[in-house]
Amino acid sequence: MVCAHLSIEQIIDLESYPIDRPEHAEYRVLLERGRESLEQSALFALPQFLRPEIVPRMAAELEQLLPRSTRYECPRNAYTYVETDNDWPREHPRNLMHPCAYNQVLNFQIPNDSALRQVYYWQPLTDFLRILCGYDSFHRSDCPHLALSAKIAGAGDTDGWHYDSNDVVFSLLLQAPEAGGRFEYAPFIRSETEENYEAVASLYRDPRRHARRPSMAPGDLTVFKGDLSMHRVTPVEGERRRIVALFCYDRNPGTTFDQWYIEELEQGLPGNAV
Ligand SMILES: [Fe+2]
């Protein structure tokens, strides 16, 4: 397979990110920077985490799998997923639907010897992310479908406004589109106790003014807390697809996703569409 013979230092820039050397002062500096960034802005970016020469190869490996990937295409509500909530006025943020469309390459489709899987399975990375997030235990998911996956968005594809149901998302941008496909978010726009619908309505009305738009380049690792921070990916423009790999972890070992969700993913596989 494409990247079978590579060592981890050929894939990750360990000079800039010494995450395999916890005894190093730079390791502690990186952790502190990351914690502060997550606390203040819900996002910690590690630019050029991957070596630039490996990134296009990883992207190409995933793009080759596009014909076998699952397609998701359904407007989404940021609060109730697919159904609107009729107790609220029609124009209320709780009732607005947002377009959502992308392809997803699933864990079992990604070759066992891919460089991407090598990064996901590299224990020092899991250890670093556990300490960064302040968890006592932290495990890679065992889900055959979603432990490791990739979202591929072509022209017009988008990920509508939403919150994440999990605390933290770990993603690697592998290919950026010619235009569009921008990640936009409003850090901590809601709290555990206050939905702050007025601010959300303003965000929907004028995202240019109210959303942050962090610059992300292929090879960057991003740690994002999306449970309280409304976010979206704007529609992709142009021929080149946006490709993002996603690493799934959980505080408990041996986790998989709910079967109803897996069945939904399987419905989107080629030949299964209803
Ligand atoms: Fe999300």
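Two residues are in contact here if their C-beta atoms, placed from the backbone, lie within 7 Å. The tour below applies that criterion to a predicted model.

**The whole chain.** Begin with all C-alpha atoms displayed; they fill a box of roughly 55 × 45 × 40 Å along the principal axes. Eight helices and 16 strands make up the secondary structure of the protein. Its radius of gyration is 19 Å, close to the 19 Å that the globule rule gives for 274 residues, so the protein is as compact as a globular protein of that length. Of the 274 residues, 32% count as buried. Among contacts with a separation of 6 or more, 86% link residues 24 or more positions apart.

**The nonpolar core.** Next, select M58, L62, L116 and L174. These residues have the most contacts inside the largest nonpolar core, a set of 57 residues. Centre the view on L62 and add V105, A150, I152, L174 and I243: L62 touches each of them, residues up to four places away in sequence being left out of the list.

**Strand β15 and F247.** Move to residues 242–247, which form strand β15 and include F247. Is F247 buried or exposed? F247 is buried, because 22 other C-beta atoms lie within 10 Å, and the cut-off for that class is 20 or more. Show Y120, L148 and F170 as well; F247 touches these three, again not counting residues up to four places away in sequence. A distance drawn from F247 to L146, C-alpha to C-alpha, spans 8.2 Å, although the two are 101 residues apart in sequence.

**Strand β12 and its partners.** Now select residues 221–224, strand β12, together with β1 (residues 43–46); the two run antiparallel and are joined by four bridges. Within this pairing, A45 has T222 of β12 as its bridge partner. Add β9 (residues 169–175), which also runs antiparallel to β12 and is joined to β12 by four bridges. Here L172 stands opposite L221 of β12.

**Helix α5.** Finish at residues 123–133, helix α5, and highlight L125, F128 and L132, which are buried. They lie on the same side of α5, because they cover an arc of only 65° around the axis. An α-helix has 3.6 residues a turn, so residues three or four places apart point the same way. To see what covers the buried residues of α5, display elements including α2 (25–41), α4 (115–120) and β12. Just after α5, stop at G134, where phi is positive, at about 75°.

Terms used. Residues numbered from 1 in each chain as written. Predicted model: local features only at pLDDT ≥ 70, side-chain atom pairs only at ≥ 80, totals over all residues. Pairing = 2+ DSSP bridges. Buried ≥ 20, exposed ≤ 12 C-beta atoms within 10 Å, placed from the backbone. Arc of directions from axis to C-beta. Rg over C-alpha atoms; globule rule 2.2 N^0.38 Å. Core = buried A, V, L, I, M, F, W, Y, C linked by C-beta atoms within 7 Å.
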